[in-house]
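Here are a few exercises to work through with the model open beside you. Try each task before you read its solution.

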There are 2 protein chains.
Amino acid sequence: MLRMTKQADYGIVLMTRMAGEAGRQFTAGELAEETQLPAPTVSKILKILTRQELLDSHRGVKGGYSLARDTAAITMAEIIGALDGPIAITECIDDSPGECVQEPSCAVRANWQRINDAIRLALENVTLAEMVHPLPQRLVTLGGRPSPIAADRLAAGAAGAEALR
Amino acid sequence: MLRMTKQADYGIVLMTRMAGEAGRQFTAGELAEETQLPAPTVSKILKILTRQELLDSHRGVKGGYSLARDTAAITMAEIIGALDGPIAITECIDDSPGECVQEPSCAVRANWQRINDAIRLALENVTLAEMVHPLPQRLVTLGGRPSPIAADRLAAGAAGAEALR
DNA sequence: CGTAAATAGGACCACAGCGGTCCCCTTTCC
DNA sequence: GGAAAGGGGACCGCTGTGGTCCTATTTACG
């Protein structure tokens with residue numbers, strides 16, 4: 001598992017669709033039809049994204065939604081965070097004053113922080129712009145060997161995203 | 001959110017505890033008491049981990065569980081995968097022959113694959129051994145500047161884990 | 001050889017949270 | 001002033017998770 005919710009999934013689909021024609025304004029119904037997602041749900045998601053300041057909304061007739069920022073300035077982490085709450089694999093991270101079981105697990109906490117950071121980072125380093133224009137292949141084939149290629153891809157992904165901004 | 005289940009969380013706590021005295025054998029009750037986790041649940045998790053060949057079990061009196069491999073050869077990804085199923089943020093990854101909404105979202109799929117890979121990688125690059133002996137600080141402070149530090153940390157984390165093996 | 005201590009394997013249940021719908025209000029254009 | 005849009009909730013079914021319990025089966029030991 002280790003899933004994000006469908007809301008976040010849908011949110012990314014919607015944002016990506018909007019990023020395809022950045023600057024333009026879309027109505028909820030329009031987006032629902034184009035993405036084939038249930039209209040009420042689309043509307044709900046757009047409202048949340050607006051409240052989180054990822055979208056601008058215009059009420060009234062001829063109203064609709066548009067991206068609040070440049071496509072390169074909106075990351076997956078933000079969208080997921082807006083719809084699914086803080087990005088953290090474990091629960092005992094945020095605060096939890098209580099006695100988190102015992103020492104062994106708490107000795108573990110520092111490591112979880114690292115893991116959470118790594119994941120948040122991976123998500124922060126993918127922008128909406130990249131979702132529309134997939135990264136070139138070179139980022140995937142930068143490495144060479146079968147195992148270390150992974151590390152290379154990770155670094156390359158981050159660096160690549162950085163370069164795109 | 002973006003959470004993993006408590007099962008996986010508990011599983012890591014248990015495995016980490018066992019890694020503290022590698023080679024030794026623990027009974028389910030013993031581990032439950034030491035970690036302050038509910039005994040039946042601990043038992044359930046240990047069974048699953050055994051079935052996934054992360055633990056060896058010995059039945060009968062004087063029985064118990066012990067790590068199936070060296071602590072450096074067991075990764076977070078394996079433990080989580082064993083308890084929570086395949087590690088993938090999105091659902092439409094595995095197979096799903098159906099029509100995954102439309103083109104826009106499917107154009108997105110390649111990028112999701114990258115993100116999933118990055119996360120899986122982050123999890124694969126943390127071994128049980130590291131959970132017991134936290135990594136030195138240098139891995140966190142390798143970078144320098146506020147923003148690019150992130151990319152450096154990511155790469156450093158992966159590389160560091162690699163080096164530990 | 002029998003008993004106790006351990007794992008193996010399920011069946012089972014309660015409940016939170018997610019996915020999804022619907023309704024009513026407000027805003028704005030024509 | 002009416003129609004078309006978003007704003008803000010209330011609401012509800014259902015899946016899956018967290019957790020318990022029961023019944024084999026295995027094995028050490030007296």
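This is a predicted model, in which local features need pLDDT of at least 70, side-chain atom pairs count only at pLDDT 80 or more, and totals for chains, interfaces and linings use all residues. Residues are numbered from 1 along each chain as its sequence is written, chains are lettered from A and ligands numbered from 1 in the order in which they are written, and side-chain values use heavy atoms, with hydrogens and water left out.

**Exercise 1.** Find which residues come closest to DNA strand D, and work out which polar contacts they and others make.

Solution. Start with the neighbours: 26 residues surround DNA strand D, "near" being a heavy atom within 4 Å. A:Ala28, A:Lys47, A:Ser57, A:Tyr65 and B:Lys6 are the closest. Sugar and phosphate make up 66% of the strand D atoms that come within 4 Å of the protein.

Next, look for polar contacts (for these pairs, N or O atoms within 3.5 Å; within protein, one must be able to donate a hydrogen and the other to accept it, and residues adjacent in sequence count only if both atoms are side-chain atoms). A backbone N or O of A:Ala28 sits 2.8 Å from a phosphate oxygen of DNA strand D. Chain B goes for the bases: a polar side-chain atom of B:Lys44 is 3.0 Å from a base oxygen of strand D, and a polar backbone atom of B:Val61 is 3.4 Å from a base oxygen.

Finally, sort the surface by class. You should get 9 nonpolar, 10 polar and 7 charged residues near DNA strand D, with Ala, Val, Leu, Ile, Met, Phe, Trp, Tyr, Cys and Pro as nonpolar, Asp, Glu, Lys and Arg as charged, and the others, Gly among them, as polar.

**Exercise 2.** Now do the neighbours and polar contacts of DNA strand C.

Solution. There are 24 residues around DNA strand C, and A:Lys6, B:Ala28, B:Lys47, B:Ser57 and B:Tyr65 come nearest. A backbone N or O atom of B:Ala28 lies 2.8 Å from a phosphate oxygen of strand C. For the bases, check B:Lys47, where a side-chain N or O atom is 2.6 Å from a base nitrogen, then A:Val61, with a backbone N or O atom 3.4 Å from a base oxygen.

**Exercise 3.** Describe how β1(A) and β2(A) pair.

Solution. Strands here are DSSP E runs of at least two residues, helices are H or I runs of at least four, and both are numbered from the N terminus. β1(A) and β2(A) pair antiparallel over 4 bridges (pairing takes at least two DSSP bridges). A:Ser57 stands opposite A:Tyr65 in β2(A). The two strands form a hairpin with 5 residues between them, and A:Gly60 in the turn has a positive phi of about 80°.

**Exercise 4.** Check the span of α3(B), then find its buried residues and their packing partners.

Solution. α3(B) has 13 residues and reaches 18 Å from first C-alpha to last, close to the expected 18 Å, which is 1.5 Å times one less than the number of residues. B:Val42, B:Ser43, B:Ile45, B:Leu46, B:Ile48 and B:Leu49 are its buried residues; buried means under 20% relative accessible area, exposed over 50% and partly exposed in between (1.4 Å probe, protein chains only). These pack against α1, α2, β1, β2 and α4 of chain B, contact being heavy atoms within 4.5 Å. Just past the helix, B:Glu53 has a positive phi of about 65°.

**Exercise 5.** Decide whether B:Asn111 is buried or exposed.

Solution. Locate B:Asn111 in helix α5 of chain B, residues 103-124. B:Asn111 counts as buried because its relative accessibility is 2%.
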